[in-house]
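Could you walk me through the strand pairing and the internal cavities of this protein? I would like short questions with reasoned answers.

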Amino acid sequence: MHRATLTARRARSARHSAFARLPLAAALLAALPALAQQAAAPAAAASGVDTGKVQEVIISATKRLQPLQSTPIAVSVLSGTQLERANLNNLGSIASAVPTVNFRTNASNKDSALFIRGLGTISTSPGVEPDVSTVLDGVVTARPGQATLDLLEIERIEILRGPQGTLFGKNASAGVINIVTRAPTKELSGYGDLSYFQGNERRVRAGISGEMVPGLVRGLVSVMDGKYDGNVTNVYDGSKVNGYAHKGVRGRVDITPTKDLKLVLIADHVQADDTPPTGVPYSTNVTAYPSGAVTANPGYATAVAPVVASPGNRQINSEMLTRVHDVNEGVSAQIDWDLGAVQLTSITASRKWTNEQYQDQDRLGALYKTFNRLADHGTLDFTQFSQELRIASARPGFVDYVAGLFYLDGKDDEVYARTTSNCPSTTAAALPNGLVPCSAGSVQSYTGVSPYGTRSKSTSVFGESTLNFSKQARGILGLRWTHDDLSYYHSRSFTPDPTNPTATSAAGTAPARAQVTGSTKQDGVSGRIGPQYNFTKDVMGYATYSRGYKGPAYNVFYNMTPTQDNVLAPEKSNAYEVGLKTTLADGKVQLNLAAFDATYSGYQANVPDLVGGVIVTRLINAGDVTTKGFEADLTARVTPRLTINGSLASTRARVKHFNCPPNAAASCNIDGKPLPFAPDTKFSLRASYTQTLSDRYTLEWGADATYTSKTNFDLTQQPDSVQPAYTIVNAMVSLESAAGWRLSLLGKNLGNRSYATFIQSSGNNINRYVPRDDRRYFGIDARYDF
């Protein structure tokens with residue numbers, strides 16, 4: 001369907017456009033509960049060999065394989081199959097499936113961030129680490145932007161909640177996203193997967209796996225290609241934006257020269273071209289500081305016309321295409337050597353991330369005297385090398401342990417340019433609301449260019465043991481020592497307009513600056529201690545105290561000034577957690593509960609700052625914050641055919657004490673206020689029902705709903721930066737054949753609920769970031785396995 005036709009229909013009626021184009025899809029999804037109820041009797045009779053119990057899940061959260069139900073950590077697990085069937089293709093999308101996880105999106109991958117239990121780091125600086133660590137097949141990714149890669153050949157994703165620094169290092173003070181990919185199969189196997197969704201979104205995935213040398217070598221290779229036009233219209237030229245074009249390949253080879261020795265070689269490459277706008281007009285209000293008065297900005301409302309700012313707006317008026325080109329790639333080699341009493345593991349890895357972005361910071365379709373044109377262009381080149389050596393006990397004993405050494409060397413080089421244009425001497429007549437266009441020949445342009453970068457070296461020694469006092473009682477004891485060596489460089493040049501050669505800076509651009517450098521070295525300790533007790537064979541409880549550590553930081557960015565050269569102190573945390581893991585109803589129900597209370601001191605956060613008359617962000621040790629709450633995870637096999645999953649996160653993440661910086665461009669009276677991206681309540685409910693049609697065909701019905709309470713997006717409590725509570729409902733139906741093929745129909749956001757994943761002030765107005773499922777849409781997926 002032509003984009004212009006699609007836009008017109010959407011403008012007339014979202015409900016009509018969704019159902020009119022796919023009436024069969026709507027009818028099937030609406031009839032889901034009734035059809036499932038009618039099928040209950042025959043399905044129960046055809047249970048086959050299924051025991052009707054919850055399947056045991058094996059995880060590696062403690063760097064040793066063990067059942068989820070006996071691991072003394074609050075962990076959520078998503079299977080690769082679950083992700084594929086729900087069309088969840090990246091880590092940002094798992095926030096819809098795991099209530100304790102939230103995700104910050106922006107106009108570039110380097111601006112993204114993951115949050116667990118309300119804690120995460122928001123910064124574009126290469127001199128700061130994330131609070132949530134992303135680990136891919138045992139390899140730690142050092143920068144948040146590396147975590148936005150597409151998910152390919154996923155076996156499972158483990159979400160470890162709370163400080164995990166003992167085993168996973170300094171950038172795991174809020175939690176860990178542990179990604180485990182599939183291993184090659186012995187028998188020749190493969191798959192092809194093709195999906196298409198409204199909005200002209202299409203994805204192709206394919207893979208093949210099998211034994212290459214009998215008894216010695218197995219291999220796997222998979223590819224993906226996905227494209228999406230986008231769900232935001234740029235009225236400047238009628239184009240669609242907020243879309244993507246992604247492609248990637250992943251390969252793995254497992255070599256087992258002996259039964260005690262295994263070598264795993266992995267390589268991956270993912271390329272992404274995205275068109276995320278730098279926000280969509282949400283409101284034309286502005287806030288004055290320090291008074292906090294909120295006033296309308298009619299001049300900006302006129303400048304952005306015909307776009308009308310509103311919470312549900314999906315239009316922009318921009319003369320520049322904001323776009324990002326992103327490449328993530330890496331290789332790793334893991335050696336596991338079983339020596340009988342112990343197992344040795346070595347993981348050697350190298351990863352590279354490049355990023356190039358173009359951003360329209362004024363977000364307008366023309367140049368006006370009142371509003372400067374700001375056009376940004378940035379490049380990023382990041383490389384990392386890591387080496388981990390571990391030894392772990394391989395036989396049951398009084399002490400089960402894992403210990404090791406870890407080294408990571410990361411190098412980041414960036415160049416960021418900003419071109420500022422204005423017209424102080426325009427002779428054009430004023431438009432309504434005092435808006436004055438730029439006349440011919442009156443435009444002046446200034447360009448600032450800033451090369452900067454960081455070098456981070458981290459060395460650590462770690463160990464954790466389980467002391468088996470009896471069959472029921474255990475003790476947990478772990479400790480990690482980390483040494484950080486962090487350095488940076490920064491400079492900035494300024495090119496004035498020929499008509500104004502004496503200018504030294506322009507709005508949005510700090511003055512020229514000769515290269516400066518800085519460095520720091522810090523030592524940190526993290527650890528975990530606590531008891532674990534099996535009340536029965538099906539009920540286990542634990543209580544732990546964890547000490548978290550996140551390394552020092554520098555606020556290295558384009559507008560860096562001498563007042564920001566000081567190093568930020570490490571962020572430290574003290575966390576308490578109690579948990580209960582239960583298996584009930586003869587294995588048909590699993591219910592896991594956790595309560596937590598954590599305090600973070602020296603919290604590293606961005607706050608608004610004034611530089612060159614423009615609001616930017618300053619990274620500081622913002623003070624102390626707390627997060628406390630309760631979590632529950634439920635899996636129930638109601639019948640052998642009906643499975644229900646539910647998760648609840650009740651979290652109170654608050655500012656305990658805020659350190660107000662000089663020249664703050666926002667209110668500092670935020671003690672007791674909520675942290676950004678930390679809803680107080682979030683829960684999800686999923687149901688899956690399998691209906692046997694014959695000995696060759698099976699029909700699977702599925703539905704899920706996620707509720708998110710009111711969410712604040714700004715640490716300084718910017719007005720209009722709060723997303724009201726909302727619920728998203730999805731559904732699917734799949735027809736599966738014993739011959740290996742599956743055909744699925746999916747419906748997303750059936751309630752047609754518009755919401756924002758981020759709301760941000762630009763200084764002239766308020767913008768929101770539009771998620772893929774901002775409106776109802778449908779799609780089909782066809783898969784064949786052999």
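Here are some questions and answers on this predicted model, taking strands before cavities.

Q: Over how many bridges do strand β26 and strand β27 pair?
A: Happy to start here: β26 covers residues 473-495 and β27 covers residues 513-536. The two strands pair in the antiparallel sense, and A473 stands opposite Y533 in β27. The count of bridges between them is 19.

Q: Which residue in β28 does I529 stand opposite?
A: Strand β28 spans residues 539-550 and runs antiparallel to β27, with 7 bridges joining them. A hairpin of 2 residues makes the connection from β27 to β28. In β28, the residue opposite I529 is Y545.

Q: Which strands stand at the edges of the open sheet that contains β13, and why is one side of each left without a neighbour?
A: This sheet has 3 strands in the order β14-β13-β20, with mixed pairing. Each edge strand has a single partner strand, so one of its sides has no neighbour in the sheet. The edge strands are β14 (239-241) and β20 (315-316).

Q: Which residue in β14 stands opposite T233?
A: Strand β13 (residues 232-234) and β14 run antiparallel, joined by 3 bridges. Opposite T233, the residue in β14 is K240.

Q: What is the volume of the largest cavity?
A: Counting cavities of 30 Å³ or more, the structure holds 15. The largest of them has a volume of about 310 Å³.

Q: Which of the 26 residues lining the largest cavity are the closest to its centre?
A: By class, this lining divides into 10 nonpolar, 9 polar and 7 charged residues. The closest to the centre of the largest cavity are E129, A142, K170, L408 and S456.

Q: Which strand gives the most residues to the lining of the largest cavity?
A: Three candidates are worth a look: β24 (399-422), β25 (444-468) and β26 each supply at least two residues of that lining. The top contribution is 5 residues, and it comes from β26.

Q: Which residues lie nearest the centre of the second largest cavity?
A: The second largest cavity has a volume of about 150 Å³, and 20 residues line it. Nearest its centre lie R117, R161, G162, P163 and E577.

Q: How many residues in the lining of the second largest cavity are charged?
A: Strands β28, β29 (571-584) and β30 (589-601) each supply at least two residues of this lining. Its residues include 11 nonpolar and 5 polar ones. The charged residues number 4.

Technical notes
Residues numbered from 1 in each chain as written. Predicted model: local features only at pLDDT ≥ 70, side-chain atom pairs only at ≥ 80, totals over all residues. Heavy atoms only, no water. Pairing = 2+ DSSP bridges. Helix = DSSP H or I, 4+ residues; strand = E, 2+ residues; numbered from the N terminus. 1 Å grid on protein atoms, 1.4 Å probe; cavity = no way out; pocket = protein on both sides within 12 Å on 5 of 7 lines; lining within 4 Å. Points joined across faces, edges and corners; volume = space filled by probe spheres on them. Nonpolar A, V, L, I, M, F, W, Y, C, P; charged D, E, K, R; others polar.
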